[in-house]
Amino acid sequence: MGEITRPMPQFTSIFSWSLIRHIYTVRTTREEMEREEQRWASTAGFLAACVGSAVGLGNIWMFPYRAGKYGGGAFLAIYIFLLFIVGVTGLTMEWTLGRSRGGGPIKSFAVMPFGKYLGVLPTVTMFLILSFYSVVFAWILRFFVGSISGEIFRESFLNDIAFQPQSLIFCIIAISITTLIVMAGVKRGIERANLVMMPLLFVLLIILAIKSVTLPGAYRGVEFYLMPDLSEMNATTWLMALSQVFFSLSLAGGTMVVYGSYQSKNRDLTLSSVATSLSDTAVAIIAGLVVIPAVFAFGMEPGEGPELIFVTLPKVFASMRFGWIFAILFFFTLILATLSTAISLLEVCVNALCEHLKWRRKKATFLSALLTMASGSFLSVNENFFEFIVDLSSIYLVILGALMASIALMWFYGSKRARDELNRGGRIKFGRWWEVMGKYVYPAVLIVILLAAALFGIG
Ligand code: PHE
């Protein structure tokens, strides 16, 4: 009896062992492949993706109207000044945090007490920004179609589409395009798409700016935009410019942390931060040059607010020779800018689901897209709620996320250790000034804006 039964357990154990090993090997190779796919193929690709995330509605929609409303050149001068102080420090901190901890905000913030829970906040913020982004993205798609059909020259076009049920379908199209790119993966989807979209965006913007500044009478707009009038500088100008820097560079403890975690340890981060800040500013400045001089040339007002590019600009195109061609080009450029940012926002949600729930990328992308469609559709038809979410996410939550990221890295991970991590693979090395900036100045500035925004309200 004993002799007959003895080999059985042995057989079973060999069988199950090899089965487990087989499953394990398949699993690790699958995970390894997925991890490998989650890396930028080149620094150029990393840069294109980061610039793609940074350049968005913040540059082409908000920047020109805020500059138009808050003193033109004064706003621009403060913006450029702050960009270097805050932008380079912020970008390098968020990338270093993601790269050294090897993950998105939830994993990265875990270096500090309750960090795992606090890390949920930037993730939710990205989702909220994506939700309102998809609404504006839908208008842009509709305006692009309308510029081909000529409908945008109808005075009431924005009112006809914004917050109307017909914008829902465009909202769904906008999210679907974004989803397809994210689903294809970091390397094959996000990186490749940005490497095509970003150069194209620059070229188109430059063509549009040349057209705008050479219009008869445009010089008054150029003057208003480029000559800082010191009397226009007040606390609001500073506050608006500062919160604009954070939003525009996507500094919110979300996207840039995730994108940084996809960059290999031996690759550059320092020079990339200078390049990203410069490109983002260049786009904002050129976008202002596209919009403001043209508006002046046709005797219109630049202080129109959020409707500047949707109401004032179509009138400008209507009065321009071959204006319809420029309208098509303008709205196409806007599609590129919005899409590349929407991709980065969706990626944060996908990253969180893959990292923490161990979901496959396709499943995570699909679910995130469905949720965004639901919230985007809701905001598409609820104007008051839309405005509330725009202010809440683009001012308050962005600043809170950036603050938490800097504290997690500089105070809990350690500023010296962080600087070593950052300089590894860096084309230029950052000195001790970076630690002082990141540890003290940056959080202090953020706390001041947060308090001022809460006390006096900005937006
Ligand atoms: N930088 C983007 C823009 O300018 C907005 C953004 C903010 C994206 C925060 C990601 C994170 O439109």
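Author: A polar contact is a pair of N or O atoms within 3.5 Å. This is a predicted model, where local features need pLDDT of at least 70, side-chain atom pairs count only at pLDDT 80 or more, and totals for chains, interfaces and linings use all residues. Residues are numbered from 1 along each chain as its sequence is written, and side-chain values use heavy atoms, with hydrogens and water left out.

Reader: What makes serine 250 a polar contact of the ligand?

Author: A polar side-chain atom of serine 250 lies 3.0 Å from a ligand nitrogen. The limit is 3.5 Å, so the pair counts. For tyrosine 133, a side-chain N or O atom is 2.4 Å from a ligand oxygen. Serine 53 uses a backbone N or O atom, 3.3 Å from a nitrogen of the ligand.

Reader: How much of the ligand's accessible area does the protein cover?

Author: The protein covers 100% of the 330 Å² that the ligand has on its own (Shrake-Rupley method, 1.4 Å probe).

Reader: What is the space taken by the ligand called?

Author: That space is the largest cavity. A cavity is a set of points, on a 1 Å grid over the protein atoms alone, where a 1.4 Å probe fits but cannot get out. Helices 3, 4, 8, 13 and 17 each give two or more residues to the shell around the ligand.

Reader: Which residues come nearest to the ligand?

Author: Of 15 around the ligand (a heavy atom within 4 Å), these are Ala54, Gly58, Tyr133, Phe247 and Ser250. By class, the shell has seven nonpolar, eight polar and no charged residues.

Reader: Why is the protein called as compact as a globular protein of that length?

Author: There are 20 helices and zero strands. The radius of gyration is 24 Å, close to the 23 Å from the globule rule for 459 residues, so the description fits. The rule is 2.2 Å times the number of residues to the power 0.38, with the radius taken over C-alpha atoms.

How values were computed. Polar contact = N/O pair within 3.5 Å; in protein donor to acceptor, adjacent residues only side chain to side chain. 1 Å grid on protein atoms, 1.4 Å probe; cavity = no way out; pocket = protein on both sides within 12 Å on 5 of 7 lines; lining within 4 Å. Sits in = over half its atoms within 2 Å of the grid points. Helix = DSSP H or I, 4+ residues; strand = E, 2+ residues; numbered from the N terminus. Nonpolar A, V, L, I, M, F, W, Y, C, P; charged D, E, K, R; others polar.
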